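Me: I'd like to learn how to read a few features of a protein model, one at a time. Could you walk me through them?

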Amino acid sequence: MSVNVRQVVGPEDAAKRDTQGLRKDFLIEGLFSKGQINLTYSHLDRMIVGGIVPAEQDLVIDQVKETGTSQFLERREAAILNIGGKGTIIVGDVDYPLGFQDALYVGMGQGTLSFRSHDPANPAEFYLLSAPAHRACPTVPITLDMAKKVRAGSTEEANARTINQYVHPDVCESCQLLVGLTIFEPGSVWNTMPAHVHDRRMEVYLYFGMEEATRVFHFMGEPHETRHLVLKNHDAVLSPGWSIHSGAGTGRYSFIWAMAGDNMSFTDMDKVPMESLR
């Protein structure tokens, strides 16, 4: 298991950075490696972002030194989505099978997490998101059909999409995590534009379902001082509360979004008029 730690970057610092400087602290690459657990510990609301790809053997998360606790979930909750082949997550001594785009919410204090692929030749790709928690909530498996559907955008604006809310008060009780999956209609490539910010919560995006040559131009920065990062399949990007988070792809893609912070109101956002963007 590898753990990479990211410190907080403020808007003044980000505005002065070149492309490589932005990529170093905001972009998360190489999450999904066969037979490995790769975690990134961000000091943005102490969100942990991880990729777990079990092959012939199970992979286990029990203790992560960076959390300073005897067990990973001792003071944390987690949401895990499978974006690969069929697999199983074992929480304590309970098995939870997960197919493609199935998810599992795991409450605080639930013990060791074990990850298994049903076919090592077509391994599961588990995407993990974890935030600190102050109370225990029930562990719940969530399918795409169970997710709350929010239709957004239009074909005329090239942003027709369905926001599938997995870990959300209307679907699954959690302490502070909000997690969902956005899927686009054919021909639509823009996400979250017009843009917004929400200084009460950080966010992280994972882009996936892309062809090898497809790229997403992810826009970030303060509304009057925007920047962009060019992302490939399975890249994730951290978004501080002061930053916009929007993108456009050269082809088909989906993305998983997750938030943690002061509240759990999905609609709590400060919208940015198009004429204010610079």
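Reply: Gladly! Let's begin with strand pairing: two strands pair if DSSP finds at least two bridges between them. Keep in mind throughout that this is a predicted model.

Me: Which residue stands opposite leucine 39 in β3?

Reply: That is valine 3. The pairing behind it joins strand β1 (residues 2–6) and β3 in the parallel sense, over 5 bridges.

Me: In which sense do β3 and β4 pair, parallel or antiparallel?

Reply: Antiparallel, over 6 bridges, with strand β4 covering residues 48–53. Here threonine 40 faces valine 49 in β4. The hairpin of β3 and β4 has 5 residues between the strands, and within the hairpin aspartate 45 takes a positive phi near 50°.

Me: How many residues of strand β3 are buried?

Reply: 6 of the 7 residues in β3 (residues 36–42) are buried, which leaves the strand mostly covered.

Me: Let's turn to single residues in a strand. What should I know about side chains there?

Reply: The general idea is that side chains in a regular strand alternate between the two faces of the sheet. For a case here, take strand β14 (residues 161–167), which contains asparagine 164. Threonine 162 lies in β14 too.

Me: Is asparagine 164 buried or exposed?

Reply: Asparagine 164 counts as buried because its relative accessibility is 2%, and the cut-off for buried is under 20%. Threonine 162 is also buried, with a relative accessible area of 8%.

Me: Which side chain forms a polar contact with the side chain of asparagine 164?

Reply: The side chain of lysine 149, at 2.9 Å. Beyond its neighbours within four places in sequence, asparagine 164 also has contacts that include Leu144, Gly180, Ile183 and Trp257.

Me: And with which side chain does threonine 162 make a polar contact?

Reply: With that of arginine 151, at 2.5 Å. Setting aside neighbours within four places in sequence, threonine 162 is in contact with Lys149, Val150, Leu181 and Glu185, among others. Sequence distance and spatial distance are worth reading side by side: threonine 162 and threonine 182 are 20 residues apart in sequence, yet their C-alpha atoms are 5.7 Å apart in space.

Me: What about a residue in a loop? Where is serine 188 found?

Reply: Serine 188 is in the loop between β15 (178–184) and β16 (190–191). With a relative accessible area of 3%, serine 188 is buried. A polar atom of its side chain lies 3.4 Å from the backbone nitrogen of asparagine 159. Outside its neighbours within four places in sequence, serine 188 is in contact with Ser154, Thr155, Ala158, Asn159 and Ala160.

Me: How should I read backbone angles?

Reply: Start from the usual pattern: most residues other than glycine have a negative phi, and most peptide bonds are trans. Then look for departures. Alanine 158 is not a glycine, but has a positive phi of about 60°; alanine 158 sits in the loop between β13 and β14. Threonine 192 has a positive phi near 50° and belongs to the loop between β16 and β17. Threonine 192 is buried, at 11% relative accessible area.

Me: Which two residues does a cis peptide bond join?

Reply: Methionine 193 and proline 194, with omega about 5°. Proline 194 is in the loop between β16 and β17 (196–197).

Me: Last topic: how is empty space found?

Reply: Rolling a probe the size of a water molecule over the atoms shows where empty space is left. In this structure there is 1 cavity of 30 Å³ or more. The largest cavity has a volume of about 50 Å³, and its lining includes Pro11, Met220, Arg227 and Trp242. By class, that lining has 5 nonpolar, 1 polar and 3 charged residues. At least two lining residues come from each of α1 (11–16), β19 (216–222) and β20 (225–231).

Me: How many residues line the largest pocket?

Reply: There are 27, of which Arg161, Ile163, His196, Phe266 and Met269 lie nearest the centre of the pocket. Two or more lining residues come from each of β13 (148–152), β14, β18 (201–208) and β23 (254–261). The largest pocket holds about 500 Å³ of space, and its lining divides into 12 nonpolar, 10 polar and 5 charged residues.

Conventions: Residues are numbered from 1 along each chain as its sequence is written. This is a predicted model: local features need pLDDT of at least 70, side-chain atom pairs count only at pLDDT 80 or more; totals for chains, interfaces and linings use all residues. Side-chain values use heavy atoms; hydrogens and water are left out. Helices (H or I, at least four residues) and strands (E, at least two) are DSSP runs, numbered from the N terminus. Buried means under 20% relative accessible area, exposed over 50%, partly exposed in between (1.4 Å probe, protein chains only). A polar contact is a pair of N or O atoms within 3.5 Å; within protein, one must be able to donate a hydrogen and the other to accept it, and residues adjacent in sequence count only if both atoms are side-chain atoms. Contact means heavy atoms within 4.5 Å. On a 1 Å grid over the protein atoms alone, a cavity is a set of points where a 1.4 Å probe fits but cannot get out, and a pocket is an open set with protein on both sides within 12 Å along at least five of seven lines; lining residues have an atom within 4 Å of a point. Grid points are joined across faces, edges and corners, and a volume is the space filled by probe spheres set on the points. Ala, Val, Leu, Ile, Met, Phe, Trp, Tyr, Cys and Pro count as nonpolar, Asp, Glu, Lys and Arg as charged, and the others, Gly among them, as polar.
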